[in-house]
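User: I am new to this structure and should be grateful for a close look at a single part of it.
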Amino acid sequence: MKFGGTSLADATAIKNAAAIVEQFHKGNRIAVVASAMNDTTDHLIKLGELAQKGQLWEAKNLLSRIQAAHLNATKSFAGTKTNHLASKELLGKVNALLSSLERSVEGIGQLRELTLRSRDYLLSFGERLSVPILTTALAQKGLKAQAFTGSDAGIVTDNNFGEAKPLAEISTHQIQQRLGPLLEAGGLPVVTGFIAQNTDGNTTTLGRGGSDYTASLIGAALKADEVWIWTDVDGLMTADPHVVKDAVTLSNVSFGEALELSYFGAKMMHPRALQPAARHKIPVRIRNSSKPTFEGTLVSADQSMNNGKVAKAISIIKDVGIITISGASMMGAPGVAAKIFQTLGINGVNVVMISQGSSEATISCVIARKDVDRAVRSLQLSLMGQGDVEKVTEEKDACVIAVVGSGMKGSPGVAARVFTAVAKKNVNVRMIAQGTSEYNISFVVSDVDGPETVRALHDEFQLGSKNQSS
Ligand code: ADP
Ligand code: ASP
Ligand code: MG
């Protein structure tokens, strides 16, 4: 069971999470994975940036907020009312972590340097703080809960700080060795999501939303019957319920569809999260921690659950930009595309979408907005002045919309329906791509048009609650 940040937002939420584990622990063996409390990771990112820029006053303020949130939660478990040994240890542990966090921020502030590696170390405090608190909440319910960091649990990654990839074989082996005996003995491992270690013992993170990945990795290693992801919505829905009011929960989704949705669903899940579970055909359930009786969404290897729908869900990735590389003589020049992607790869820029016109005079890529400046600078440095590439341009105000569903495969006319619906709203489409899986059609529109485009497509494919019986 993995609990997301929203399901661990404060002491009340943490108690609720502990009650869920207690309820399902009867008759089952459970390993727990926890995210950082609420938006702690966002705050830590901001904290690092402020310290690096030398804005120490702002950094101190933000640090105080992080400290207060964690101490508040801690106090409701470590209060004077209880003499529970774990409770006493908790306050000491949380205070030690908070002091260590403070020293790290001071260090970044002094050096004015924040590398991907030190950033991962900074971000690790979120999960390292939430796990002891949740573990104590579970111990107070009489469960034999034991805290682990991702690396204590055996997860080893490559050196790609910020987006590190677990080394599957060694991690699987170590997870089995380290968590297996505790589970056998009726114990309850509580593991930090998102963070791990490389082979040199340096802290790494698996990328934003990486706790889902941790959960699926541990579930696969332990050959779990199911992986449950507790979050703040009813499951995977036909669209982000914060954008489309009448979005409905999908009761069944295949791994292929969920992968497209998570990749294109921005916040919902880490794109690689389902891989380990999918490979071992372990069903994943996404459930609402404030409605523990609701079944949620079952993600499984079963492909046959279309409910007759062509498209199943519409999603949106916000905060992206487009970079376009152009030059008349790029036409027919071999190796330009290779050079472009090599340059982006070396600079750690993840490419969300690619398109090249058949004239070959331009290649466009969609990347995260935060990476646009770095990508443009590095492409200019490596490509210009060598003949083929004349210009590298950028547009920062973009978002990607994706229409997802396995029923689209081999079904003609879907693209026409998509773009007719978009055109009716007078929305300009800047770039289009269709994956060969045919599980999705995705395209780029400007930021301001995003939400309205999602709603128009949600209506076009009759995905809302008013069409549920059709
Ligand atoms: P957690 O903290 O539990 O990891 P996240 O914030 O990462 O939760 O993901 C849950 C959020 O994902 C929801 O609050 C919702 O706004 C967003 N979301 C985006 N697309 C979808 C979708 N298709 N179905 C459900 N939620 C979605
Ligand atoms: N805390 C991390 C994040 O916010 C990991 C996660 O929540 O899955 O990205
Ligand atoms: Mg998440």
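Which residue follows helix 6, and what is the sign of its phi? Please describe the surroundings as well.

Analyst: Helix 6 is followed by Gly 186, which has a positive phi near 80°. The model is a predicted one, in which local features need pLDDT of at least 70, side-chain atom pairs count only at pLDDT 80 or more, and totals for chains, interfaces and linings use all residues. Residues are numbered from 1 along each chain as its sequence is written, and side-chain values use heavy atoms, with hydrogens and water left out.

Helices (H or I, at least four residues) and strands (E, at least two) are DSSP runs numbered from the N terminus. Helix 6 comprises the 17 residues 168–184; because the expected span is 1.5 Å times one less than the number of residues, it should span 24 Å, and the 23 Å between its end C-alpha atoms agrees with this. At Arg 178 helix 6 bends by about 30° (the angle between axes fitted to the seven residues ending there and the seven starting there), and Pro 181 follows within four residues.

Among the buried residues of helix 6 (under 20% relative accessible area, 1.4 Å probe, protein chains only) are Ser 171, Ile 175, Leu 179 and Leu 183. Their cover includes strand 3 (145–148), strand 4 (156–157), strand 5 (188–192) and helix 7 (210–221), where contact means heavy atoms within 4.5 Å.

Strand 4 also pairs (at least two DSSP bridges) with strand 6, residues 195–198, in the parallel sense over 2 bridges; Val 156 has Gln 197 as its bridge partner. Strand 6 in turn runs antiparallel to strand 7, residues 203–205, with 3 bridges, and Ala 196 is partnered by Thr 204. These two strands form a hairpin with 4 residues between them, and Gly 201 in the turn has a positive phi of about 85°.

Conventions: Chains are lettered from A and ligands numbered from 1 in the order in which they are written. Buried means under 20% relative accessible area, exposed over 50%, partly exposed in between (1.4 Å probe, protein chains only).
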